[in-house]
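Subject: Structure handover

Hello,

Here is the structure we talked about. Please load it first, then read the notes below.

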Amino acid sequence: MEAREGKERFLKQRQVLIFFVLLGIAQAGSAPRHYSVAEEMESGSFVANLLKDLGLEVDELAARGARVVSKGKKMRLHLDRQTGDLLLNEKLDREELCGPTEPCVLPFQVLLENPLQFFQAELRIRDINDHSPVIDVNDHSPVFFENEMQLKIPESTPPGTIIPLGNAEDVDVGRNGLQNYTITPNPHFHILTNSRRDGRKCPELVLDKALDREEQPQFSLTLTALDGGSPPRSGNVQLHILVLDINDNAPEFTQSLYEVEVLENSPVNSVIVTVSASDLDTGNFGTISYSFAHASEEISKTFQLNPITGEIQLIKYLNFEAINSYEVDIEAKDGGGLTGKSTVIVQVVDVNDNPPELTLSSITSPIPENSPETVVAVFSVSDPDSGDNGRMTCSIQNNLPFVLKPSVENFYTLVSEGALDRESQAEYNITITVTDMGTPRLKTQHNITLLVSDVNDNAPAFTQTAYTLFLRENNSPALHIGSVSATDRDAGANAQLTYSLLPPHDPRLPLASLVSINADNGHLFALRALDFEALQAFEFRVGATDRGSPALSSQALVRVQVLDANDNAPFVLYPLQNGSAPCTELVPRAAEPGYLVSKVVAVDADSGQNAWLSFQLLKATEPGLFGVWAHNGEVRTARLLSERDAAKHRLLVLVKDNGEPALSASVTLHVLLVDGFSQPYLPLPEAAADQAQADPLTVYLVIALASVSSLFLFSVLAFIAVRLCRRSRAAWVGGCSVPEGPFPGHLVDVSGTGTLSQSYQYEVCLRGGSGTSEFKFLKPIFPNGLVEDIEQE
């Protein structure tokens, strides 16, 4: 029950989630929330409480899966779902995160997963006048690159001349960064602080009063750089000024400003620009050398200046994403110490050298196969390149039941288009491809493996709609007679099957006492021994039910055919061997060869070849006189009779079926050869010479034969009435009594084909007046209803 309620909640949540995806897109254009925090605050420090800004209650944060996401894998903020407080995950260093960039802003988003909703926000990191972690207390005070500076100033330099000096650098920015310079008070010089376009503040030495080398040949001053912290920090450098003799022409550059664009993938040692300066002086005062004017460490590591030719070369690869422009001061100095100044602006041109980046925010796997449109994954993409190099497109493989939907500011959601079918595909490998628009185009691929969970939407299916099983009669109880098998395309408990016997259509069939089924594997067993003669076939239905919720089931028909075994010996119907007076057949001596003496009638309750009967003459008083037809049991004379043949003969006939092993029965026939078969009385052969004396004997013989025939007829009728008929009725036709009713299952076909079907029976009729035995076939045996229909027709 809990699992079902969980599935229902999941489906409802996913439906609501789709609605809020569209709502999140609508909010994409809303203004971001702004928060600020001072750098170097400890991890876990409070930033803000978002409940009011998000318009949510405290319990909604956990219920809707609220969390903070941002570009990149490192999460610097944490949302406490219990209070709504936005906390720091780590100590933030503004200089490490943003360098000289001001203001230092970290964008982030507040993601509500259930339903999906985004809130844009920015965290501004305020700078403090902090200390550097370098040993020997090398704090973030302004620092000069040189321990001392040396200047050579001609004594002819007019007052008001500005001489650029090497600048100091301060890792801090804003108010805590470098603000101005001061110099040791003196009557000849003062310092101006010049703010450059790149944000640097450079000192310039201004000559206030004309120099006189003979009065003071040199100056030793202290140049101090001050930041705006509280208290302010400072850095010093010694400034040594040498007053030179007159060199009245300083070098002049052909351009005061050089601007050049350089591709960021330009090879190392390539010349990017050549600067040039001239000096009107001659000799040593006209010889010019070029140098960087107090270049920063980054410039010194990136560029190299040929002091003779003025060529500027790259000595390392550029990176547009790190620094997109350089401002390089070039100084041209003549032999007399006069200098000229020019500036080279190097603009780094972006090339498409960064593939897009994909950050996966959430993924839902597995999902039920019958889920409607469901958000499978939420992810963001970014590219540090600029222009077309930074514009991106997202795609997935074709022929997948999923679509990508853009959300807010490079966020995307992967959504299923509709219900899935686990039986067709239980797992999807989705490749998200992010491609930029640069030349050449770069792409990033991310693989997502999505599993589809099963629901019980497939009923079991039997391997066959109908099974036919064969069982030989007289089987042992609990015998395995066969199996049924079904499969279910579902998985887990939804595919676990239970087999059962279904109630039979015929309520008279005792199915529960005939067969049983193993509920786990579908094996069928016979519960008791079966008798082919009593039950030849029966059928029933089996069911297979899975364990899903709700459970599904299917049915199959099982037919059981009982096979006959040779367990019934032939039974002789005529002549009846019941211990009464033997039957005697009368044969005229004038009979031709092939004369029908009698016919042995036998039946076998078995079927098929087990009921195929054959007849054989085992013994005879006089071999060669009589013969038995093997297929129909007719006893016939084999040759002409003669006066020398004995009058009485005894024949032993064997009746054998065709089973394996074969069963048999035997019957004894008595044959009496007589003369004048058609006379009302028959003389005995021994009295043939004396007719007068034989008359009384013939009368006695006829009376005896009639008595024996009558007794035999009575015995046959009584046996058939008692043993083989359930109901009998008397029918007298020409003095014959014919019993009706079902005989044992299989009867002998005496017409020469070997075996009769079990729907026929024999009628035995003995006529006492003729002195011979006759047999005739009765009508077929049908069920009572069919008999009545046939008689009506």
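Ser 380 has Phe 411 in E31 as its bridge partner. That pair belongs to a longer match: strand E28 (residues 375-382) and strand E31 (residues 411-416) run antiparallel and are joined by five bridges. Keep in mind that this is a predicted model.

E28 and E31 sit within an open sheet of four strands, ordered E26-E28-E31-E30. The pairing there is antiparallel. Strand E26 (357-363) and strand E30 (402-406) are the edge strands, and each pairs on one side only. On average, neighbouring strands of this sheet are turned by 25° against each other, direction ignored.

A second sheet is worth a look. This one is also open, has three strands in the order E36-E40-E39, and pairs in the antiparallel sense. Strand E36 (479-483) and strand E39 (515-517) each have a single partner strand, so one side of each is left without a neighbour in the sheet. The average turn between neighbouring strands of this sheet is 30°, direction ignored. Four bridges hold the antiparallel pair of E36 and strand E40 (residues 523-526). Pick out His 480 and you will find its bridge partner in E40, Phe 525.

Now the cavities. How many of 30 Å³ or more does a search of the whole structure find? The search gives four.

The largest cavity:
- The space in it is about 150 Å³.
- Its lining has 18 residues; Leu 165, Arg 196, Cys 202, Ala 293 and Asp 329 lie nearest its centre.
- Strand E14 (201-207) and strand E24 (325-333) are the elements that give two or more residues to this lining.
- By type, the lining of the largest cavity has eight nonpolar, four polar and six charged residues.

The second largest cavity:
- The space in this one is about 50 Å³.
- Its lining is made up of Arg 33, Tyr 35, Leu 50, Asp 53, Leu 54, Phe 108, Val 110, Phe 119, Gln 120 and Ala 121.
- Two or more residues come from each of strand E1 (33-38), helix H2 (51-54), strand E6 (104-113) and strand E7 (116-126).
- Which element gives the most to this lining? E7 does, with three residues.
- The lining of the second largest cavity divides into seven nonpolar residues, one polar and two charged.

Two loop residues are also on my list.

Asn 494 is in the loop between strand E37 (486-487) and strand E38 (497-501). Is Asn 494 buried or exposed? Its relative accessibility is 12%, so Asn 494 counts as buried, the cut-off being under 20%. The Asn 494 side chain also makes a polar contact with the side chain of Asp 454, at 2.8 Å.

Gly 160 is in the loop between strand E9 (148-154) and strand E10 (162-164). Its relative accessible area is 48%, so Gly 160 is partly exposed. Where does the chain come back to Gly 160? Look at Val 206: the two residues are 46 apart in sequence, and their C-alpha atoms are 5.9 Å apart in space. Val 206 falls within the range of E14 (201-207), one of the elements that line the largest cavity.

Over to you.

Best regards

Key. Residues are numbered from 1 along each chain as its sequence is written. This is a predicted model: local features need pLDDT of at least 70, side-chain atom pairs count only at pLDDT 80 or more; totals for chains, interfaces and linings use all residues. Side-chain values use heavy atoms; hydrogens and water are left out. On a 1 Å grid over the protein atoms alone, a cavity is a set of points where a 1.4 Å probe fits but cannot get out, and a pocket is an open set with protein on both sides within 12 Å along at least five of seven lines; lining residues have an atom within 4 Å of a point. Grid points are joined across faces, edges and corners, and a volume is the space filled by probe spheres set on the points. Ala, Val, Leu, Ile, Met, Phe, Trp, Tyr, Cys and Pro count as nonpolar, Asp, Glu, Lys and Arg as charged, and the others, Gly among them, as polar. Two strands pair if DSSP finds at least two bridges between them. Axes are lines fitted to C-alpha atoms, for helices over the stretch in contact, and angles run from 0 to 180 degrees between N-to-C directions. Buried means under 20% relative accessible area, exposed over 50%, partly exposed in between (1.4 Å probe, protein chains only). A polar contact is a pair of N or O atoms within 3.5 Å; within protein, one must be able to donate a hydrogen and the other to accept it, and residues adjacent in sequence count only if both atoms are side-chain atoms.
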